[in-house]
Amino acid sequence: MKLWLLSIIVLLIILISIFTYSFNILNPYNGIWSSAGNIYISNTTVILPKQVFTLEYPIKITITSNGVGIILAKDPYDLFFGEGYYQASQRLFEMEFFGLVASGNISKWVGELGLRSDLAMHLIGIPIYANLTLNYIKENYPQIYSYLQAFSEGVNAYIATLNSRNEPLCFKLLNVKPYYWSPYYTIAFAEFMAWSLTSGFTNELQSAMLYAEFNYSVASLLDPYYPYFTNGNITVMPGDGTVNGYNLTDQNISPSYLWSLNWYQSWATGITRSTLKSIIPLLNYSLNNISDPLFTFIDLGSNSWIITSNKSSNGYPMLANDPHLTLYFPSVWIPLDLIGGGYNVSGWALVGIPGILIGHTEYTAWGLTTPFGASSDAYVEILHGNDYFFNGKYIPMKAYSFELLGKNYTVYFTNNGPLVAKQGNLGISLYWVAGVKPMTTVIAEFLLDNSTNFSDLLRAAEFWDFPPQNIAMVGRHHAGIIDAGLYPLINETLPNGKHVLVIGSRGPLNGSSGKYEPVGFVPFKYLPQTIDPSRGYAFAPNQPTAWINYPYPFIGGYWVSNGRALDVYHYLSVLPSVSINDMMKLQSNVTDYWAFLLKPYLINALKGMNMNPIERSAYEYLLSWNSTFYVGEVGPTIYTYLISEMVNLSLNRLLFSHGIYFYTKQSDSYIPSLFLYIAEKDPTSFLVNGNFTLFVQESFSDEIKFLTSTLGNNVSNWTWGRVHFLMLYSPLGLKGLSLGPYAEWGDSFTLAAAYFPYVLKVPLPYVTVGPSLRFVADPALNMYYGVFPGGSTENILSPYSYVQLNNWLNFKYYNMNNLTIIATITLE
């Protein structure tokens, strides 16, 4: 009742302070109050209007006590129709909001507030690329297209049952009406999600700015080719990088030579450092233009690992996965079982997209993490009016025009892709795989959902084109990980005259010469992969996918810090066998490996310091701390704010003076491992003012003054739970439709990830990115466990909107085979 009253009060405040339209929304008959009861329909048969659709066979939909929808049908068309109906009945506003964002038309609902978001989508090219994919599927995969149609018709059948009284709450808040769904919106949202998980373009521009503003040594220190303390043992594909018997050495190229080169130089990019420095405003302009200020999915990392039969305590392969995405309320995931028409699959669907993206069949299971290798690139274009220069001549750019809020806009395309920014006679174009190839990832999803053995999983991976993903997969007898997807290759001429095909770049490429254009993609056979690894396990928490002898070097993109990968490696390497419970314990691990390694250097720097009583108390807490991040501990607070002060006194002073803000705002950055590297290798670095010990002491003193001023003199009250919170925000950004804040375990480098940037603020910026679901599977023994921070419905007034949240917060799981039915609806 308290939640209900609080929600209503907050909603009224929102309406009075933000919305200017008629207060008819408060009408007791058709206003917001009527939405409160539209939660579930129990034991009901719904006769669908014949003008919408007539089903040949009834579809049964049941809902469980933990918010899982079970769709039962006789054929696949009806199955996906039922999924569309159910998704719409639970999440109609969310999926339609996503559909408008992805298609570059959210301003239709929110006016000028959504204009920059819409322009960003059109500059990236998603509305055009979605049509490219849709037409391709319709022509080449008519059966898959029919499933997309069935899903859309199910959505629209539900919409046809609505009236002004029972429309979902958020439609009333915005004073808008539902629109009819189509396969276009499904594909547009799929490509929007793909872009959110795409690396290359942004990383190349940011890394180039470091190089242009400073020099190669500083750029390499802050953004190394491989994250610090990487070795072949902790890559996704363990070993030196050899894949299916092929490597760099086979090409007569020395890995040590290749990785000693300065890949920022003009021989590698066709752009000189002086030119880079002159176009920094253009680079910033480009990044700003494709940044959606209204709504985005952020993927700072994810975890997955597989266990083979010889390492499993059960004697069969196992899998664990927790993808880290923006934790919106409601979640972007919706839990489902789809049964019938040859399908028997359970797991989590992305709202607005049919099928199960992460989950299991009776025989297989799979999960996803982002590899962060470049599948997009930035190009510098020479322009003259609406022409661009390529291979010695000016060519007219293709124009794509559209209208938003009654005003006409045009996006221009070079051979590399859309021109996202222009300054004088130069521009930046965006090459993305989506612009040159239709998306077949949706086909891969249906193949995964219908898989009956490990070979089926591998076949599905061949259809997965973008975004590239580490697909962790297990059958009843085999296990593996493959970095599936299309990586565009650039034919580089090394300074020694040899040629090598590389992935991505360290900066924008010269788009006018033709020398740096993609020449193909990494063959599926040579994608980073490990199948039934002999050591009994493999893992993919966004660390480098392959080590330095990989035949197609990853020059561009971004790999996250190795902290989570090292945690998995050290945990699994010492266990003689691994159980399902061990998998769950690892997902809940709150030890920060960087803190574990860095803490002795911090303690050594502080032990000779002349401290006041409060400093001494804080030091004792840090000294006795075991590098875990529990909400009741003081150690995490002392450590985190010490790192924040170190960032403030070094990196912020250096970078902010040059107008570079992105580096220290990244949650899963290289910062702790960078300080560890300096402490071990270069304690007189300019970044620590020439003396690591004095630098740590100064930072510690400033940190304690700050914490005392904000948290008081009693250090024992400086617990992690007072400064570190989770917030599940509504996509609309309205606090009254959000959940939280909740005191949260973990940090940016624990496996139980809870991301935040290192800033001097109490509390720290709310955690908004983390494990969007947790999944553990053993197909051979039919053991499946999962949880996610949400529920079935988007109606915040319903307890089923957050039915799984408490279990998720406390690392508890639901047995996905043990379902209690609480509601039933039959479609006829």
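In strand 12, which spans residues 393–396, the residue that bridges to Phe-390 is Lys-393, and this is a convenient place to enter the model, which is a predicted one. Strand 11 and strand 12 run antiparallel to each other and are joined over four bridges. Together they make a hairpin that leaves two residues between the strands, and in the turn Asn-391 adopts a positive phi of about 55°.

Following the chain backwards, strand 11 covers residues 387–390, and strand 10, made of residues 376–384, pairs with strand 11 in the antiparallel sense over two bridges. Here Leu-383 is found opposite Tyr-388 of strand 11. Strand 10 and strand 11 also form a hairpin with two residues between the strands, where Gly-385 has a positive phi near 65°. Strand 11 therefore takes part in pairing with strand 10 as well as with strand 12, because two strands are said to pair once at least two bridges are found between them.

The side chains of strand 11 can be read in the light of a general pattern. In a regular strand, side chains alternate between the two faces of the sheet. In strand 11, Tyr-388 and Phe-390 make up the covered face, whereas Asp-387 and Phe-389 belong to the uncovered one.

From the strands we can turn to the aromatic rings, of which the structure holds 61 pairs. One of them joins Phe-97 and Phe-98, whose rings meet edge-to-face, with 6.5 Å from centre to centre and 65° between the planes. Phe-97 counts as buried because its relative accessibility is 2%, under the 20% cut-off for that term, and Phe-98, at 1% relative accessibility, counts as buried too.

A further edge-to-face pair is formed by Phe-629 and Trp-720, with their centres 5.2 Å apart and their planes at 75°. Phe-629 lies in the loop between helix 20 (613–624) and helix 21 (635–649), while Trp-720 lies in the loop between helix 25 (692–711) and strand 25 (725–728), so this pair ties together parts that are 91 residues apart in sequence. Both Phe-629 and Trp-720 are buried.

Phe-97 and Phe-98 also belong to one aromatic cluster, whose other members include Phe-93, Trp-109, Phe-171, Tyr-179 and Trp-181, and also Tyr-184, Tyr-185, Phe-189 and Phe-192. A last contact concerns a ring and a charge: the charged end of Arg-273 is placed over the ring of Tyr-211, at 5.6 Å from the centre of that ring.

Technical notes:
Residues are numbered from 1 along each chain as its sequence is written. This is a predicted model: local features need pLDDT of at least 70, side-chain atom pairs count only at pLDDT 80 or more; totals for chains, interfaces and linings use all residues. Side-chain values use heavy atoms; hydrogens and water are left out. Buried means under 20% relative accessible area, exposed over 50%, partly exposed in between (1.4 Å probe, protein chains only). Rings of Phe, Tyr and Trp (its six-membered ring) pair if their centres lie within 6.5 Å; planes under 30 degrees apart count as stacked, over 60 as edge-to-face and the rest as tilted. A charge sits over a ring if NZ of Lys or CZ of Arg is within 6 Å of the ring centre and within 35 degrees of the ring normal.
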